[in-house]
Every structure is written in C-alpha cells, then in structure tokens.
Amino acid sequence: MPHPFQVTARCTTTRARTGRLSLVHGTVETPVFMPVGTLGTVKSLTPEDLTAAGAQIILGNTYHLYLRPGCDVIDRFSGLHRFMNWDGPILTDSGGFQVFSLARLTRITEAGASFQSHIDGSRHLLTPEKSIEIQISLDSDVIMCLDQCIAYPAERAAALAALEITTQWAGRCRKTWREQSGEKNALFGIVQGGMYDDLRRMSAEALTAMDFSGYALGGLSVGEPNQMMYDVAEAALPLLPGDRPKYIMGVGTPEDLVELTARGADMFDCVMPTRNARNGQLFTRRGTLNIANSRHRTDTAPVDSECACYTCRNYSRAYLRHLYQSRELLAYRLNTLHNLHYYLDLTARMRSAIAEGRFEAFRKRFYADREPGGA
Ligand SMILES: CNc1nc2c(CCNCc3ccccc3)c3nc(N)[nH]c(=O)c3cc2[nH]1
C-alpha cells in the first residue's frame with residue numbers, strides 16, 4: 001500500500017503538525033496518544049471505555065503475548081482484534097525493549113535476542129523474522145522492527161554496536177514484512193544511537209534509505225535528563241522524512257507530549273496515565289495530585305472541575321480517596337478512566353490548536369494553568 005500518512009496542517013512558528021494515518025482498521029488523527037494494552041487489555045478498561053475516552057489506536061506487545069497466551073491461542077481469532085474485541089487500529093511493539101527490560105539472561109547476537117521467559121524461565125530466541133511473523137499473526141496495523149534499545153548512559157562504542165545490529169535487523173524485518181504480509185500493514189523503523197547526534201544521524205539515514213511507512217525514535221525515556229531527551233529529539237526528528245509519521249516510544253509526561261509535538265513528533269505511548277492511576281496519581285490542568293493525600297478527605301469537588309470525563313462528572317475527590325484508601329477495585333477503574341481521558345483530551349486539544357494556527361498560544365496557556373505545587 002502507498003505510505004499511509006498525510007500532513008493536514010502545520011504550525012508556522014514550531015515544527016508541530018497535524019496528520020492523518022490511514023490504517024487497515026481505521027484512520028488515526030495525529031498528534032496521537034496511544035494507550036498501552038500490554039496483555040491485550042488496557043488495565044481495568046473495556047474497549048467501549050477506550051472509545052468513549054477518545055482512544056483511536058492502542059498498543060499491544062509481541063514479547064508478552066507470545067509468552068502468554070501464546071500465538072496459537074490468538075491465531076484461533078485471526079488476530080488480536082477479535083481476541084480482545086477492539087476493532088480499531090493496534091500498534092504492536094517488536095519485543096526488543098521488553099526482552100531487555102523484563103526477561104532474564106538475555107544474550108544479543110546478530111541472529112537475535114535469546115532470553116529466559118520472566119514467567120516460567122523457558123528459553124527463547126526472538127529473531128527479526130520471528131518478531132515480524134508474530135506481529136503479522138496478531139494482525140497488527142502498525143508493526144515495529146526488532147531493535148536493540150541501549151540503556152542510558154552508554155559508551156559511544158556500545159551505542160554504535162547497538163545501532164549497527166538495529167540497522168541490520170531492520171533490513172531483515174523489512175524483507176520478512178514484504179514477503180509475508182504483502183505490505184498490507186504499516187512497518188516502522190526504529191532509530192537508535194543513544195544520546196549521540198552523529199550516531200542518530202547515521203541510524204536515521206540508514207533507515208530512511210530502506211523506505212519505511214513511518215519511523216520511531218527509540219532509546220529515549222530510559223533515564224536520561226528530560227532536556228537531553230528534548231535535545232536528541234530536536235536534532236533527530238528533522239532527519240526523518242517529513243511525509244512519514246514520527247513516533248517517540250515510551251514518552252511521556254503531559255509536558256513531554258507538548259514539547260515533543262512542538263519539535264515535530266506525531267505519535268506517543270506511555271504507561272504513565274494507566275500506571276500512575278493505579279498508584280493514586282491523577283493528572284489535571286493544574287498539575288498532578290495524589291488522591292491518597294488527606295487534604296482530599298472531605299473534598300466534595302471532582303478531580304478537575306474542567307474535566308468532562310465519566311469520573312469527574314459523577315464522583316468527588318472524597319469518594320475517590322475513600323476507594324483508593326480501601327484498595328477497592330473501582331478506584332483503579334475510575335482513576336484510569338480519568339487519567340486516560342486527560343491524555344487523550346490533551347492530544348485532541350493540541351490537534352485543534354495546530355489546525356487553527358494557535359499552537360503557541362495553546363502551549364503558553366498549558367504552562368500558565370499549572371500551579372507550582374501541583375493540583
Ligand atoms: C518507557 N520508556 C521507553 N519505552 C520504550 C519502548 C517501549 C515503548 N512502549 C511499548 C509498549 C507496548 C506495549 C506494552 C508496553 C510497552 C521502546 N520500544 C522499542 N522497541 N525500542 C525502544 O528503543 C524503546 C524505548 C523506550 N523507552
């Protein structure tokens with residue numbers, strides 16, 4: 001299929017832009033935040049909840065789903081959509097990052113990543129070909145190349161070695177994708193290179209030459225200072241083709257989404273809205289608040305008086321604090337519904353601001369609303 005992305009509006013004073021990504025299971029308006037659904041579920045939410053909250057595309061994960069429930073189970077449903085009853089677009093990560101961050105006794109060779117399952121200790125070899133085959137069997141709309149994410153800090157030589165393996169694997173991924181999926185779904189290359197601008201340029205040029213449907217910046221949000229992440233993204237994003245979507249993996253806070261959209265990024269994923277919800281940290285326009293704090297004990301107001309989500313329309317901070325203190329299951333669901341709505345609404349407001357030529361005003365207001373001590 002011709003590459004599936006077109007830019008629909010551009011900011012004149014920053015690199016922010018809106019775009020449209022046409023995928024097999026639907027169209028995605030960018031900038032977009034993609035809720036993480038590691039094990040075929042965005043924890044505590046149904047697909048109807050996700051749609052009501054404004055989710056356009058969700059994330060699945062090759063590593064997790066391959067280990068449990070296993071591809072043979074998902075094959076019975078012809079893919080992840082029917083298995084989890086989500087009929088919108090799905091992006092699957094290739095498993096590289098999860099092997100490094102979750103598995104034990106991982107060994108990387110040119111062949112692939114050999115590792116021990118964090119579930120039962122069984123040994124596996126994840127090759128570029130295998131990762132693409134699993135993502136095709138998941139019927140993923142956006143497939144990610146298998147890559148090697150380098151930790152932070154990393155010596156230049158280690159960053160170079162990881163990007164060379166990543167580049168070699170990208171070629172093998174593209175070959176398998178062309179042979180086995182007929183290019184039906186989109187395939188994204190992942191730029192590595194640590195915090196070294198010259199290595200990032202080398203990686204971006206090598207992947208651009210292979211002509212992918214879209215490109216991701218990997219190797220960020222791995223413990224580096226925030227400003228360093230912004231600087232690496234600022235230097236690397238313009239090296240990628242302007243007519244292809246640019247995805248920054250594992251990012252980030254609301255501020256990160258605003259700052260990286262301003263630098264030209266189109267797609268984001270992060271566990272923060274869902275994970276922090278389960279830890280009682282709620283996002284609002286004024287900043288974050290911790291619902292366990294005793295100051296909310298008798299507060300009859302919603303989390304955020306300007307929020308239109310189900311939680312804010314129906315429940316008070318006092319009730320949410322009570323549920324959280326009681327470790328009631330409903331606490332996780334209501335907190336997650338709110339946080340996900342906040343992230344999805346933030347990206348929807350950015351899309352409108354860019355389309356209407358007022359992104360800088362939006363960015364100023366975003367910071368002006370935030371109270372120093374949080375919400
Ligand atoms: C949090 N910081 C961070 N995350 C990164 C990820 C994973 C992105 N999230 C995908 C996901 C999908 C389903 C379930 C859970 C997570 C990366 N993935 C790849 N392939 N390569 C990276 O360099 C890379 C770098 C990252 N930094």
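These legends go with close-up views of a predicted model.

**View 1. The eight-stranded sheet, with parallel pairing.**
Reading across this open sheet, the strand order is β4-β14-β13-β12-β11-β10-β6-β5. The edge places go to β4 (32-34) and β5, and each has a single partner strand, so one side of each is left without a neighbour in the sheet. From one strand to the next, the twist averages 25 degrees. Helix α8 (residues 197-210) lies across two of the strands, β11 (186-191) and β12 (214-217). Relative to β11, α8 runs at about 160 degrees.

**View 2. Strand β6 and its partners.**
Here we zoom in on β6, which covers residues 90-93. On one side it pairs with β5 (residues 58-61), in the parallel sense and over four bridges. Look for I58 opposite I90, and for N61 opposite D93. Strand β10 (residues 142-144) also pairs with β6 in the parallel sense, this time over two bridges. In that pairing, T92 has I143 as its bridge partner. Now for the side chains: in a regular strand they alternate between the two faces of the sheet. In β6, I90 and T92 point one way while L91 and D93 point the other way, and all of them are buried.

**View 3. The three-stranded sheet, with antiparallel pairing.**
This is an open sheet too, in the order β7-β8-β9. Its edges are β7 (104-108) and β9 (123-126); each has a single partner strand, so one side of each is left without a neighbour in the sheet. The twist here averages 15 degrees from one strand to the next. Strand β8 (residues 113-116) is joined to β9 by four bridges, with the two running antiparallel. One spot to find is S114, whose bridge partner in β9 is L125.

**View 4. Y63 and F115, a tilted aromatic pair.**
A pair of aromatic rings is described by the distance of the centres and the angle of the planes. For Y63 and F115, that comes to 5.4 Å centre to centre and 55 degrees between the planes. The two rings come from distant parts of the chain, 52 residues apart: Y63 sits in helix α2 (residues 62-67) and F115 in strand β8. Are they buried or exposed? Y63 counts as buried because its relative accessibility is 1%, and F115 is buried as well, with a relative accessible area of 1%.

**View 5. Y315 and Y319, a stacked pair.**
The ring centres of Y315 and Y319 are 5.5 Å apart and the planes are at 20 degrees, so this pair is stacked. Y319 counts as partly exposed, at 32% relative accessibility. Elsewhere, ring pairs link F33, F283, Y342 and Y343 into a cluster. The count of aromatic pairs comes to eleven.

**View 6. S131, a buried serine.**
S131 belongs to helix α6 (residues 128-137). Its relative accessibility is 0%, so S131 counts as buried. Who are its contacts, leaving out residues up to four places away in sequence? S131 touches T62, S94, L126, M144 and L146.

**View 7. The largest nonpolar core.**
This core has 72 residues, and the ones touching the most other members are F33, L50, L217, I248, L260, F268 and F359. Helix α14 (residues 329-355) gives the most to this core, with nine residues. A second, separate core holds 20 residues, including V36, I57, L59 and A216. Back in the largest core, L217 is a handy residue to centre on. Leaving aside neighbours within four places in sequence, L217 is in contact with V191, R200, A233, A236, L237, L240, Y247, I248 and M249.

**View 8. Helix α15 and its buried side.**
In α15 (residues 359-368), the buried residues are F359, F362, R363 and F366. They cover an arc of only 100 degrees around the axis, which puts them on the same side of α15. That buried set packs against α10 (254-262) and α14. On the face turned away from the buried side, look for the exposed residues K364 and A368.

Technical notes. Residues numbered from 1 in each chain as written. Predicted model: local features only at pLDDT ≥ 70, side-chain atom pairs only at ≥ 80, totals over all residues. Heavy atoms only, no water. Core = buried A, V, L, I, M, F, W, Y, C linked by side-chain atoms within 4.5 Å. Buried < 20%, exposed > 50% of the residue type's maximum accessible area, 1.4 Å probe, protein only. Contact = heavy atoms within 4.5 Å. Pairing = 2+ DSSP bridges. Axes fitted to C-alpha atoms, helices over the stretch in contact; angles between N-to-C directions. Arc of directions from axis to C-beta. Phe/Tyr/Trp six-rings, centres within 6.5 Å; stacked < 30°, edge-to-face > 60°.
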